[in-house]
Amino acid sequence: MIIRENIPISELVTMRIGGNARYVFELEDKEDIKNLISELKNHNIDKWYFLGAGANTFATDAGFDGAIIVNKIANIIFKGDGDKIHFKVSAGMDWDFFVERTTKEGCTGIECLAGIPGTVGAAPVQNIGAYGQEVATTITKIHALDMEKDELIELDPSECDFSYRHSIFNSTARGKYYIYEVDFTLEKGEIKGELYGSLQKYLDDNNITSREPKVLAEAVRNVRDSKLPDPKEIASSGSFFKNVYVDESKVAELDEKGIPHHGTKVNTGWLIENAGLKGKVFYGFKVSDKAALVLINESGKSYEDMQKAVKEISDTVEAKFGFKLEQEPNVIGK
Ligand code: EPU
């Protein structure tokens, strides 16, 4: 285990916002997971935060008076079982590397989640989803350290309360379970049925008729690259705002008002764009001119300024359309 002290969180997260963390613990093997609780006790730490690649997280300017725990273990084991392939993957593995591995095996299930920045361990936390797929449908077991009992445990997906950008890990059991390994089962084959609109359009525009998982994964990476900032070059946390879900009874009202939606999901990017906010900069934070749910940190230095920007954006959308925006990324220590 590598233990570092007084580390700027802004250097650990893609939004580049956050004060100092008292400690960062980097776990390098399974023994480090087993020893985690005793190491926290040895350092008198009673607060911790599990960080993946920092692609969906930032911190307040006050930083974090505890330990940020980062898993550096990146193993993958898989075995075939007829048309199915079972994967056992360490939490520290790069998510897109895992997607690439599965599509190489001809597996369908997560090919549309290609190109999402982050780690395998972080994927279930917010139940990552894109282009019609959600990771929850492919997870068969979560291996975690129960931080209260100091015990290695297993959770079935039915115990994780997965829904849109939601699980027990980012709600009721936040901080309770440290996910160190995830099991997935994928099937060999191809997606059946209708594809997500913008993905189908990309395929049509490029005369691609194959639905082979590796072809779709590459198409998704290209669509994402054309819309979403590369966190290595541009500071952001991907979608900053969630899409808003309305009650079934409100859907007709959306149609009357001409607000685009997919069932009960309101296209919140449309709301932001049609509130005239696309490309606008507030306190150093810019509403992306390619994807309005994305907030880019152009020159912002503080969480406080980011909050001011978010308030202006949210208030403008609410004044025009009556919807309250909800933030997607996590805030360390909140
Ligand atoms: N739209 C606009 N203007 C915009 C953006 C979107 O009008 O600037 C409307 C359009 O009607 C468009 C619809 O919103 O057809 C959907 O847009 P898009 O396909 O770009 O997706 P999104 O709803 O903006 C969500 C996810 C993304 C994911 C894409 C593709 C959330 C919070 N975001 O964005 O996930 O890649 O769908 O499936 O659900 C992320 O979570 O960080 C992320 C990038």
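This is a short tour of one structure, from its domains to a few single residues. Keep in mind that the model is predicted.

Domains to begin with. The assignment gives three stretches: domain 1 is 2-71, domain 2 is 76-227, and domain 3 is 236-332. Take domains 2 and 3. Their C-alpha centres are 25 Å apart. Where they touch, domain 2 puts in 5 residues and domain 3 puts in 7 residues. On the domain 2 side of that contact, 2 residues are nonpolar, 1 is polar and 2 are charged.

Now the ligand. Which domains each give at least three residues to the shell around the ligand? Domain 2 and domain 3 do. The shell holds 20 residues, and the nearest are Gly 238, Asn 267, Gly 269, Trp 270 and Ala 292. By class, the shell splits into 9 nonpolar, 6 polar and 5 charged. Two elements, β14 at 236-239 and α7 at 268-274, supply at least two residues each. Helix α7 gives the most, with 3 residues.

Strand β14 leads us to a sheet. Four strands, ordered β14-β20-β19-β18, make an open, antiparallel sheet. The edge strands are β14 and β18, the latter at 281-282; each has a single partner, so one side of each has no neighbour in the sheet. On the β18 side, the partner is β19, residues 285-287, running antiparallel and joined to β18 by 2 bridges. Within that pair, Val 281 sits opposite Lys 286 of β19. As a reminder, strands in a sheet pair through backbone hydrogen bonds, either parallel or antiparallel.

For a parallel case, look at β3 and β5. Strand β3 is residues 48-51, and its side chains alternate: Trp 48 and Phe 50 point one way, Tyr 49 and Leu 51 the other. All of them are buried. Strand β5, residues 64-71, runs parallel to β3, with 4 bridges between them. Here Leu 51 stands opposite Val 70 of β5.

Next, the core. How many residues make up the largest nonpolar core? The number is 88. Ile 68, Ile 69, Leu 113, Tyr 178 and Ile 179 have the most contacts inside this core. Its largest share, 7 residues, comes from strand β13, residues 177-188. Pick out Ile 179. Beyond its neighbours within four places in sequence, Ile 179 contacts Ala 91, Gly 121, Pro 124, Ile 142, Ala 144 and Phe 169.

Contrast that with helix α4, residues 197-205. Of its 9 residues, the number buried is 0, and the helix is hardly covered. Just past α4, Asn 207 has a positive phi of about 50°.

Last stop, Lys 324. The residue lies in the loop between α8, at 303-321, and β21, at 330-332. Is Lys 324 buried or exposed? Count the other C-beta atoms within 10 Å: there are 10. The cut-off for exposed is 12 or fewer, so Lys 324 is exposed. Even so, Lys 324 has contacts. Setting aside residues up to four places away in sequence, Lys 324 touches Ser 314 and Glu 318. Ser 158 is another matter: 166 residues from Lys 324 in sequence, and 30 Å away C-alpha to C-alpha.

To close, three things to find on screen. Find the ligand shell, with residues from both domain 2 and domain 3. Find the 88-residue core, with β13 giving the largest share. Then find exposed Lys 324 in its loop.

Terms used
Residues are numbered from 1 along each chain as its sequence is written. This is a predicted model: local features need pLDDT of at least 70, side-chain atom pairs count only at pLDDT 80 or more; totals for chains, interfaces and linings use all residues. Domain bounds come from an automatic or database domain assignment. Two residues are in contact if their C-beta atoms, placed from the backbone, lie within 7 Å. Ala, Val, Leu, Ile, Met, Phe, Trp, Tyr, Cys and Pro count as nonpolar, Asp, Glu, Lys and Arg as charged, and the others, Gly among them, as polar. A residue is near a molecule or strand if its C-beta atom, placed from the backbone, lies within 6 Å of it. Two strands pair if DSSP finds at least two bridges between them. A residue is buried if 20 or more other C-beta atoms lie within 10 Å of its own, exposed if 12 or fewer, and partly exposed in between; C-beta atoms are placed from the backbone. A nonpolar core is a set of buried Ala, Val, Leu, Ile, Met, Phe, Trp, Tyr and Cys residues joined through C-beta atoms within 7 Å.
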